[in-house]
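Subject: Structure for your records

Hello,

Please find the structure we spoke about below. My notes on it come after.

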Amino acid sequence: MSPRAGSAGPRTLAFVESPVQLLNVLEWAHAHALRAGNPQGDAPPGPGLTLVVLSPTDPMTRGQLRRMAELARQEGYEVRWEEARGGATAPFQTVGGLAGPLRRATRVVMGDPFSRYVQLLLTITRARDLVVVDDGTATMEFVGQLARGERLVRWHRKGGRPAPRDLLFAPVSSSARRRLTPGGRRSVEVFSSMPMQETPRGVTVTANDFAWTRARFGPPHITKGADLVGTSLVETGVVDGERYLAAVRALAAAHGATRYFAHRRESAEKLHRLAVETGLEVVRPDLPLELIARRGPIGRTVLSFPSTVVHTLPLALAGTGVKVAVCDIDPTWLTDTASPRAQGFLSGVTGTARDVHRLSTVSAV
């Protein structure tokens, strides 16, 4: 086992459900080793970090997770792959199999505190050190809700009537929120590249500057053109599909974009239409975009709608000369069923981004 495997300290379990979460656990472990006085990101030998992948069913996400898991193994970390959604009995088998390691863990790292799976696992652990790493812009909402003492609800669902299963799961969610509130000998750290406007009392916020990504990959070859980053706002019911396609077409034409990096949750039907109607080359990345961009080739300008990458790409691409530009979501693009908080949240994502160029909203008619 690599010496890096001890960088997270003894008996650390990390639960991830997406490639970005796994990437940010690697970034946290690297930063944790540096804070412990290991200038190369290496640490003394020890039991170290075990990454537990709670695998989803989506093929694109699974593919990226397998690639990220292999990178984690190359770094010397143990990876435990759980088919957590592989049938009706899978959750019971997964939780039962993890009960022992959870009780022995002294630290638990998680990528999605909104996840019902993670919230359920938090009711089992006795760990007094809890760490939340970025799951994209949702981290901003989590920190705000924790600071205000609110129940944990994803931003694009807030404002709607709770479903019956939400009410059934409410006691578990409330227990998770209490465990994620520092108190007594329990510590909570948020490791994030997102701006935090509200910080809960007692929570330690540590900046993620993507030092591991920059150390392991690149610098990239930079092309003369522009690349466009896709978003799953249509799939989550926030933005109207026709308006989105029109906006992509207008943005690509205005800036001479030639490639479209698809979000892993974008539907195949939408991407096919987008390729036909815009002429863009649709790229399905096999790794998180931060790693794809850092490896290159990447356009001199990267265009995006409000999303996580307007915060993370400037950090991952620091010193390369690549410009990240963000286009706001026009309120008229929102669906009738979008959360009342959607526009304000998306505007906040754009407005708080550092080192990005703001673009005027394009016409989507």
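What follows is a short account of confidence, overall build, one helix, the salt bridges and one loop.

Please keep in mind that this is a predicted model. The mean pLDDT of the protein is 86, with 88% of its residues at 70 or more. One weak stretch is residues 1-7, where the pLDDT is below 50 and the model has 27 contacts beyond near neighbours in sequence. Another is residues 43-47, where pLDDT also stays under 50; here the model has 14 contacts beyond four places in sequence. Where pLDDT is low, the predicted coordinates should not be read in detail.

As to the overall build, the protein has 365 residues, and 55% of them count as buried. Its secondary structure consists of 12 helices and 13 strands. If we take the contacts between residues at least 6 apart in sequence, 72% of these join residues at least 24 apart. The accessible surface is about 15600 Å², and carbon and sulfur atoms account for 51% of that area.

Helix H5 (residues 138-148) is largely enclosed by the rest of the structure, because nine of its 11 residues are buried. The buried residues are Ala 138, Thr 139, Met 140, Glu 141, Phe 142, Val 143, Gly 144, Gln 145 and Leu 146. Just after H5 comes Gly 149, which takes a positive phi of about 70°.

The salt bridges come to 15 in count. Three pairs and a network are described here.

Arg 73 and Glu 70 form a salt bridge in which the closest N and O atoms are 4.0 Å apart. Both residues sit in helix H2 (residues 59-74), and because they are three residues apart there, about one helical turn separates them. An α-helix has 3.6 residues a turn, so residues three or four places apart point the same way. Arg 73 is partly exposed at 40% relative accessible area, and Glu 70 is partly exposed at 39%.

Arg 216 pairs with Glu 75, with 3.2 Å between the closest N and O atoms of the salt bridge. Arg 216 belongs to helix H7 (residues 211-216), while Glu 75 is in the loop between H2 and strand S3 (78-82), so this pair ties together parts that are 141 residues apart in sequence. The two ends differ in cover: Arg 216 is partly exposed, with a relative accessible area of 28%, whereas Glu 75 has 8% relative accessibility and counts as buried.

The third pair is Arg 295 with Asp 286, a salt bridge whose closest N and O atoms lie 3.9 Å apart. Arg 295 is partly exposed at 37% relative accessible area. Asp 286 is partly exposed as well, at 32%.

Beyond these pairs, salt bridges link Glu 242, Arg 249, Arg 273 and Glu 277 in a network.

The last item is a loop residue. Asp 112 is found in the loop between strand S4 (107-110) and helix H4 (116-122). Is Asp 112 buried or exposed? With a relative accessibility of 6%, Asp 112 counts as buried, because the cut-off for that is under 20%. A polar atom of the Asp 112 side chain lies 3.0 Å from the backbone nitrogen of Phe 114.

Regards

Key
Residues are numbered from 1 along each chain as its sequence is written. This is a predicted model: local features need pLDDT of at least 70, side-chain atom pairs count only at pLDDT 80 or more; totals for chains, interfaces and linings use all residues. Side-chain values use heavy atoms; hydrogens and water are left out. pLDDT is the predictor's confidence in each residue, from 0 to 100. Contact means heavy atoms within 4.5 Å. Buried means under 20% relative accessible area, exposed over 50%, partly exposed in between (1.4 Å probe, protein chains only). Helices (H or I, at least four residues) and strands (E, at least two) are DSSP runs, numbered from the N terminus. Accessible areas come from the Shrake-Rupley method with a 1.4 Å probe; for residues, only the protein chains shown count as cover. A salt bridge is a side-chain nitrogen of Lys or Arg within 4 Å of a carboxyl oxygen of Asp or Glu. A polar contact is a pair of N or O atoms within 3.5 Å; within protein, one must be able to donate a hydrogen and the other to accept it, and residues adjacent in sequence count only if both atoms are side-chain atoms.
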